[in-house]
Amino acid sequence: MSAEYDNDELVFLDEDSHQELDDKNKRQWNILIVDDDEEIHTVTKLALSGLVVHDRTLNFLHANSAKQAKEVLDEHGRDVAILLLDVVMETDDAGLTVVEYLRETLKLNEPRIILRTGQPGFAPEEQIIKTYDINDYKMKTELTRAKLLTTVISSIRSYQQILTINQSRLGLQKIIHSSANLLEEHSIKGFCEGIVTQISSLIGLEAEGIVCARAGSVLDREDDGVYVLGAAGDYAPYINERIEELHNELIVDSVSRCLRQKEHIFGEGVSILYLNSSGFEAAVYLNLSHDISDLDRQLLEVFLTSISVGYENVYLFHELRNAAFRDWLTRLPNRNEFIKILDMQSKVNQNTQLCAALVDVNQFSDINDGLGQETGNELLKAVANRLNESFGADVQKGRIAADVFGLLGPANVVTPDKINAAFQQPFTADDHTMPLNVTIGLCELDDKNKVLGVDLLKRTNIALNRAKKVPNTNYEYFAPEIEEQTTWRLHLIRRLRSDFANRKLELWSQPQIELASEKVIGMEGLLRWPDGNGGYISPAEFVPLAEYSGLIVDIGHWVLEESCRRLQELKKLGYPHLRVAVNVSIPQFRDPEFVNKVKRLLTEYNLPPSLLELEITESVVMDEPQIVIDALTDLKEFGVTIAIDDFGTGFSSMSYLQKLPLHRLKVDRSFVKDIGVGESALIAETIVTLGNKLGLVTIAEGIEKREQANHMIKLGCDEAQGYLFGKPMPFNELIAFLAEHDANNG
């Protein structure tokens with residue numbers, strides 16, 4: 001075989017012993033020679049000995065068969081740069097089976113393959129090169145020393161380029177995967193633990209480590225010490241602790257120096273990596289078994305650049321979580337977090353009876369408006385501090401709304417007496433010292449029936465609202481019947497809304513007469529709501545609910561429109577001078593389009609405005625006096641008639657009575673029903689006299705007996721309505737009533 005080589009081109013050196021692969025030697029190219037001829041191994045090694053490519057020498061591995069070659073590749077395949085491979089060995093295609101094993105089984109595409117054969121024609125050269133990514137295919141007689149050197153050098157260069165590309169691609173894949181995984185963690189702790197784990201995976205080393213930063217708002221600490229945010233290995237128990245708790249001066253000094261110098265620090269077996277993005281800083285301490293290679297350092301630089309943005313993002317996620325679950329002013333849990341606390345406590349079996357409380361600071365808005373928002377904020381912080389001082393760690397606290405605080409703790413601690421005691425001493429805010437009063441709603445947790453936190457808060461709030469309505473005390477405990485009443489009220493509102501949408505409400509009329517002649521001069525429109533069982537739900541029940549829900553605006557407009565339609569129909573039936581009186585509530589006056597709506601309806605139905613009478617109660621005037629006066633003045637100028645209903649039942653100011661653009665004064669039925677007994681007649685007489693003095697028409701409600709009517713005539717009352725003259729009735733009955741009344745008085 002040696003005679004086939006051009007020996008003049010070879011340089012023979014002293015034969016060395018076979019050099020085994022040294023994993024620690026990073027400055028050599030590993031060449032695997034596979035041939036069943038031992039002389040080929042010797043000649044090849046001699047021909048290439050002393051060759052240096054890119055500052056690296058060659059290291060030779062040997063195999064005499066395809067089987068041996070596969071064994072070497074199993075152990076060292078990832079470190080082999082070139083295979084000098086004989087095609088024909090124990091079989092005609094033995095070399096090709098090694099190629100297939102390398103590419104298909106081991107999935108290694110970096111090693112370069114130089115096929116050598118002394119028997120041409122056994123393998124189709126073009127097909128083999130295309131299929132198996134072979135670098136070169138030579139006859140052994142072709143491979144002089146010069147050609148062998150050229151082929152090896154070009155193959156090493158090709159291997160290096162492919163290896164660099166693949167390492168970069170693999171590194172980028174790890175970085176992208178690591179970053180994606182870390183960004184799924186929205187907690188500082190989880191993210192920082194991931195940094196240590198991913199760096200260890202990235203550089204392929206077993207590493208323990210910690211991520212540290214100055215606390216600030218990351219851990220809601222007041223000091224600016226360096227804390228362990230995340231850790232892996234033996235350091236895990238120190239998460240959220242100051243770094244000094246590690247009792248390791250090397251770590252403390254190295255991390256502090258890294259944060260101070262704002263740069264990486266690499267030492268023997270220790271590396272501290274510096275993270276920074278938009279001012280969010282951290283130091284990653286790694287306890288390594290040996291130094292990080294230059295290539296791994298480059299990969300870490302790219303990784304840290306990417307992960308720094310992730311660190312900033314997770315920091316911002318932490319800030320958002322604080323905004324979502326912690327009150328920015330008092331640093332107490334906010335409403336959302338307090339609900340979670342209630343939810344958690346309600347699901348845990350408690351040996352102690354727990355009680356939740358809502359504490360509402362009375363007249364806080366006046367303090368805020370009078371002394372300024374800054375003082376108001378300081379006062380709220382003072383309240384939070386007082387609650388923390390008065391109730392220990394056994395009681396959870398929260399700020400539920402602007403001036404409402406929540407408490408949850410043992411029922412014998414969270415009590416009205418102890419809460420009131422916390423507010424006995426005045427509070428200091430800025431230069432102001434002021435006493436505070438509170439209203440308290442309480443709800444004891446049921447240890448048998450587990451209730452969601454949001455429902456517990458709702459029950460406590462129901463108790464708080466009830467406490468605001470109790471005159472003799474400032475607190476109320478929740479009772480099931482309170483919730484039942486609230487649920488019933490909400491059900492009634494939903495049903496009212498549905499029935500109104502389905503046009504089930506009815507507008508009835510009660511005739512109004514002139515007392516002297518007993519002629520019908522008009523009627524009052526009265527709303528009726530069928531209960532579905534042949535009866536009717538009292539207006540005293542559903543009208544307040546309609547006002548509370550805002551539905552009264554739509555219902556009120558329907559009543560006005562229906563009244564106008566009926567006036568138009570009465571005009572066609574020969575009753576052109578009858579008027580209709582309609583009650584108006586304060587939500588309607590708050591509607592900025594109310595006045596225009598009334599005018600449009602009267603114009604649309606072509607009615608004299610004086611036929612429509614709007615009735616208001618004293619309470620309406622007292623709620624929003626100026627809005628009511630302005631609207632009624634505008635409507636009176638348009639020609640609409642104005643009446644005040646239930647006069648004398650409230651405590652309205654006489655000055656408002658003078659300002660109102662009134663036509664009629666209605667004497668309430670409570671002053672009419674007992675005429676002739678006691679002093680009730682004196683009040684009725686006073687109201688009638690007042691009306692006459694003011695030039696107003698007076699009308700008495702609730703006339704049921706003849707003596708009542710006679711007495712009101714004597715007092716000088718002008719008009720009346722009541723069962724004596726006619727009950728409330730549907731419109732078709734009103735038409736029959738008018739016809740019969742005309743016949744009887746014809």
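In which sense, parallel or antiparallel, do E6 and strand E10 (residues 280-287) pair, and over how many bridges? In this predicted model, E6 and E10 pair in the antiparallel sense, and the pairing runs over five bridges. Before following that strand further, it helps to have the whole chain in view.

The secondary structure of the chain comes to 24 helices and 26 strands. Of the 746 residues in the chain, 49% are buried. Among the contacts between residues at least 6 apart in sequence, 65% join residues that are at least 24 apart.

The pairing of E6 with E10 belongs to an open sheet of five strands, which are arranged in the order E7-E6-E10-E9-E8 with antiparallel pairing. The edges of this sheet are formed by E7 and by strand E8 (265-267), each of which pairs on one side only. From one strand to the next, the twist averages 20°.

Strand E6 (residues 208-214) is largely enclosed by the rest of the structure, because five of its seven residues are buried. Besides its pairing with E10, strand E6 pairs with strand E7 (residues 226-232), again in the antiparallel sense, and this pairing is made over six bridges. Ile210 can be followed into both pairings: its bridge partner in E10 is Tyr285, while in E7 it stands opposite Ala231.

On the E7 side, a useful residue to look at is Val228, which has its place in strand E7. Is Val228 buried or exposed? Val228 has a relative accessible area of 0%, and it is therefore buried, since that value falls under the 20% cut-off. If residues up to four places away in sequence are not counted, Val228 touches Ile210, Val211 and Cys212, and it also touches Tyr238, Ile239, Asn240, Glu241 and Ile243. Ile210, the residue whose bridge partner in E10 is Tyr285, is thus among the residues that Val228 touches. Another pair to trace is Val228 and Ala213, which are 15 residues apart in sequence and 6.9 Å apart in space, taken from C-alpha to C-alpha.

Following the chain onward from E7 leads to two loops, each with a residue whose backbone angle deserves attention. In the loop between E7 and helix H7 (249-261) lies His247, which has a positive phi of about 55° although it is not a glycine. His247 counts as exposed, because its relative accessibility is 69%, and the exposed class begins over 50%. Beyond H7, in the loop between that helix and E8, lies Lys262, where phi is near 55°, again a positive value in a residue other than glycine. Lys262 has a relative accessibility of 46% and therefore counts as partly exposed.

The helices can be approached through the way they pack. Two packed helices are described by the angle between their axes and the distance between the axes. Helix H2 (residues 66-76) and helix H3 (residues 94-105) pack at an angle of about 20°, with 9 Å between their axes. Because angles under 35 degrees count as roughly parallel, H2 and H3 are roughly parallel to each other. Their crossing is right-handed. On the H2 side, the contact is made by Ala66, Ala69, Lys70, Leu73 and Asp74, and on the H3 side by Ala94, Thr97, Val98, Tyr101 and Leu102. Sorted by class, the residues of this contact divide into seven nonpolar, one polar and two charged.

Another arrangement is found in helix H14 (residues 480-501) and helix H15 (residues 539-549), which pack at an angle of about 85° with their axes 10 Å apart. Since angles from 65 to 115 degrees count as roughly perpendicular, H14 is roughly perpendicular to H15. In this contact, Trp488, Arg489, Leu492, Ile493, Leu496 and Arg497 of H14 meet Glu541, Phe542, Leu545, Ala546, Tyr548 and Ser549 of H15. By class, the contact of H14 with H15 has eight nonpolar residues, one polar residue and three charged residues.

Notes
Residues are numbered from 1 along each chain as its sequence is written. This is a predicted model: local features need pLDDT of at least 70, side-chain atom pairs count only at pLDDT 80 or more; totals for chains, interfaces and linings use all residues. Side-chain values use heavy atoms; hydrogens and water are left out. Axes are lines fitted to C-alpha atoms, for helices over the stretch in contact, and angles run from 0 to 180 degrees between N-to-C directions. Helices (H or I, at least four residues) and strands (E, at least two) are DSSP runs, numbered from the N terminus. Angles under 35 degrees count as roughly parallel, over 145 as roughly antiparallel, 65 to 115 as roughly perpendicular and the rest as oblique. A crossing is left-handed if the near helix is turned anticlockwise from the far one by less than a right angle, and right-handed if clockwise. Contact means heavy atoms within 4.5 Å. Ala, Val, Leu, Ile, Met, Phe, Trp, Tyr, Cys and Pro count as nonpolar, Asp, Glu, Lys and Arg as charged, and the others, Gly among them, as polar. Buried means under 20% relative accessible area, exposed over 50%, partly exposed in between (1.4 Å probe, protein chains only). Two strands pair if DSSP finds at least two bridges between them.
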